[in-house]
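User: I'm new to reading structures. Could you give me a close look at one pocket, and then take me through some strands and loops as well?

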Amino acid sequence: MKKVVLLLLIGFVFSCSDDVQIPEIIRPCQPVVASFTSNITDTTARLNWCGSVNDAGECLPVTGVTWIASYGAPGFDPDAGTIINAPTTSTNIGGLTPQTSYEFYVKSDCDLTNNEWFGPVLFRTSCPAPTDLAISNLTKTSVTFNWTPGGSEIAWEIKYGQVGFNLDEVETVATGNSSEHTVMNLQPNTAYEFYVRANCNDSTDGSQAGSSSGFAGPYQFITCLPPLNLTSTPTQNSVVLDWDSNGETNWEVRYGEAAGFNVNTATAVTTNNSTYTVTDLCPETLYTFVVRSACGTTVTSAWINSGVVGTPSLGYTGMYTYEEIGNTDEPVFGDPATVEIVSVSDTERSITVKYLANLDVTGMQPTMTFNFTLNCDGTVSVNNDQDTNFNCGGDNVLLGLGAATPTTYNMIDDTTIDIRFIEDTGSAMCTNAPMTEVVIRLTKI
């Protein structure tokens, strides 16, 4: 009997299945009870609204609801405005025109017929904020603030204090219609910063009854006076820097090659003299030098910059007399008594010399050409295992400087140069000469 009842029930359900209506899924709908704008600048604004408020009039969180906002010129049709879909009860908009009025509406993103636009809320963009903040006339206790108007505004306000001050807790100073302002009674050797904003009114008295731009800044400075009138005098391997003290007594110098110069990673030195010579530079190279005053352990002035400074190229080219000196038992090279130094690159040079006629092959005086480098530290080096043009039928190998102390040269005065190296010859046609340390002196004619 139970089986019969069960079959009857199943049959009844299937017989009614064509009449069952599945409810349509409708997105949540929430009326808007308040709306307002915030963070208005010359080209942006934040649109805000509330789906629910507490007794204090504060917006309460609303979940599970998405929203549609529309904005445009006053009097526009919200269905034809600029539409924004928002998952929360606020959205930022941009690309607005400075000092222009707008309206916005908002509603839930749902399909109920009574879902109406809430609004409008009228708002107006501000004038542009000032740009190019700077200072001038800096002393230990005073400074002039400078800026460039962002638009056609004619009045401004500033706020200033020691670095890190609270912008909301500092009194605003009106500057009238001047785009600069001087403040006094600053503390020496102290870090300050200032902000400036534009008054968007037509008044020049600094009144903020109307709208104002956002604050531009901060611009930071220190009441530690930078040096003045930095000059540079280069030689091939040094630069003499000179500056005016501007009342300070200690300075920091930083320098490096101009390509990719970074003041934070540059070579740094300190000095209590307003003249400093940077040494161990390379010839025919571009450098940048910066100097600042050091007014305390952590207090320094702004940098002053030399611009790009180029060291001159090396000399040591042309005709030179040739002689062998030093640790040689007998001359290795000779004939002729003069040689020509040829420039291979900025610091590399080349000479060609002849062996003396003391080899097995009668009447032959093989020639040999080799390169040497004039280093940036004033020393001369010869590459190890340098194959040379030895025309006696084999190879001549210069083994380099060996254990001897590298010889030196004068970067500025190219009259004399000593070149020290180890020489070894090997040839099927010429007698192998013993390995010999050679020091040759070249003197400009």
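Analyst: Let's start with one word you'll need: a residue is called buried when its relative accessible area is under 20%, and exposed when that value is over 50%. By that rule, 40% of the 445 residues in this predicted model are buried. The secondary structure comes to one helix and 31 strands. Of the contacts with a separation of 6 or more, 58% are between residues 24 or more positions apart.

Now for your pocket. Let's take the second largest one, which has a volume of about 200 Å³. Its lining is made of 15 residues, and the ones closest to its centre are Ile135, Leu138, Ile222, Pro226 and Ala302. What kinds of residues make up that lining? Nine are nonpolar and six are polar, with no charged residues in the mix. Strands β8 and β14 each supply at least two lining residues. Of the contributors, β14 gives the most, with three residues.

Let's follow β14 away from the pocket. This strand belongs to an open, antiparallel sheet of four strands, in the order β11-β10-β13-β14. β11 (173-174) and β14 (216-222) are the edge strands; each has a single partner, so one side of each has no neighbour in the sheet. In general, strands of a sheet pair through backbone hydrogen bonds, either parallel or antiparallel. At the β11 end, two bridges join it to β10 (residues 155-162), and the two strands run antiparallel. If you want a spot to click on there, find Glu157, which stands opposite Ala174 in β11.

There's a backbone oddity in β14 too. As background, most residues other than glycine have a negative phi, and most peptide bonds are trans. In this model, though, Gly217 and Pro218 are joined by a cis peptide bond, with omega about 5 degrees, and Pro218 is in β14. Gly119 and Pro120 are joined by a cis peptide bond as well, again with omega about 5 degrees. Pro120 sits in β7.

The other strand to follow from the pocket is β8. In the loop between β8 and β9 (143-148) you'll find Asn137. Its phi is near 55 degrees, which is positive even though the residue isn't glycine. Is Asn137 buried or exposed? With a relative accessible area of 57%, it is exposed. Asp280 makes a good companion: its phi is near 60 degrees, another positive value in a residue other than glycine. Asp280 lies in the loop between β19 (275-278) and β20 (286-293), and it is exposed, with a relative accessible area of 57%.

Let's look at some buried loop residues now. On the other side of β8 in sequence, the loop between β7 (118-124) and β8 (131-136) holds Thr125. Its relative accessibility is 1%, so it counts as buried. Which backbone atoms lie by its side chain? A polar atom of the Thr125 side chain lies 2.6 Å from the backbone oxygen of Thr97. The backbone nitrogen of Thr100 is 2.9 Å from a polar atom of that side chain. Setting aside sequence neighbours within four places, the contacts of Thr125 also include Ile40, Thr41, Asp42 and Tyr102.

Next, go to Gln236, in the loop between β15 (228-234) and β16 (239-244). At 11% relative accessibility, this residue counts as buried. The side chain of Gln236 reaches the backbone oxygen of Ser313 at 3.3 Å. Beyond its neighbours within four places in sequence, Gln236 is in contact with residues including Leu281, Cys282, Leu314, Met411 and Ile412.

Leu314 leads us to the last stop, Asp414. These two are 100 residues apart in sequence, yet their C-alpha atoms are 8.1 Å apart in space. Asp414 lies in the loop between β29 (395-400) and β30 (416-426). It has 17% relative accessibility, and because the cut-off is under 20%, it still counts as buried. The Asp414 side chain reaches the backbone nitrogen of Tyr316 at 3.2 Å. Leaving aside neighbours within four places in sequence, Asp414 is in contact with Gly315, Tyr316, Tyr320 and Lys444.

Technical notes. Residues numbered from 1 in each chain as written. Predicted model: local features only at pLDDT ≥ 70, side-chain atom pairs only at ≥ 80, totals over all residues. Heavy atoms only, no water. Pairing = 2+ DSSP bridges. Buried < 20%, exposed > 50% of the residue type's maximum accessible area, 1.4 Å probe, protein only. Polar contact = N/O pair within 3.5 Å; in protein donor to acceptor, adjacent residues only side chain to side chain. Contact = heavy atoms within 4.5 Å. 1 Å grid on protein atoms, 1.4 Å probe; cavity = no way out; pocket = protein on both sides within 12 Å on 5 of 7 lines; lining within 4 Å. Points joined across faces, edges and corners; volume = space filled by probe spheres on them. Nonpolar A, V, L, I, M, F, W, Y, C, P; charged D, E, K, R; others polar.
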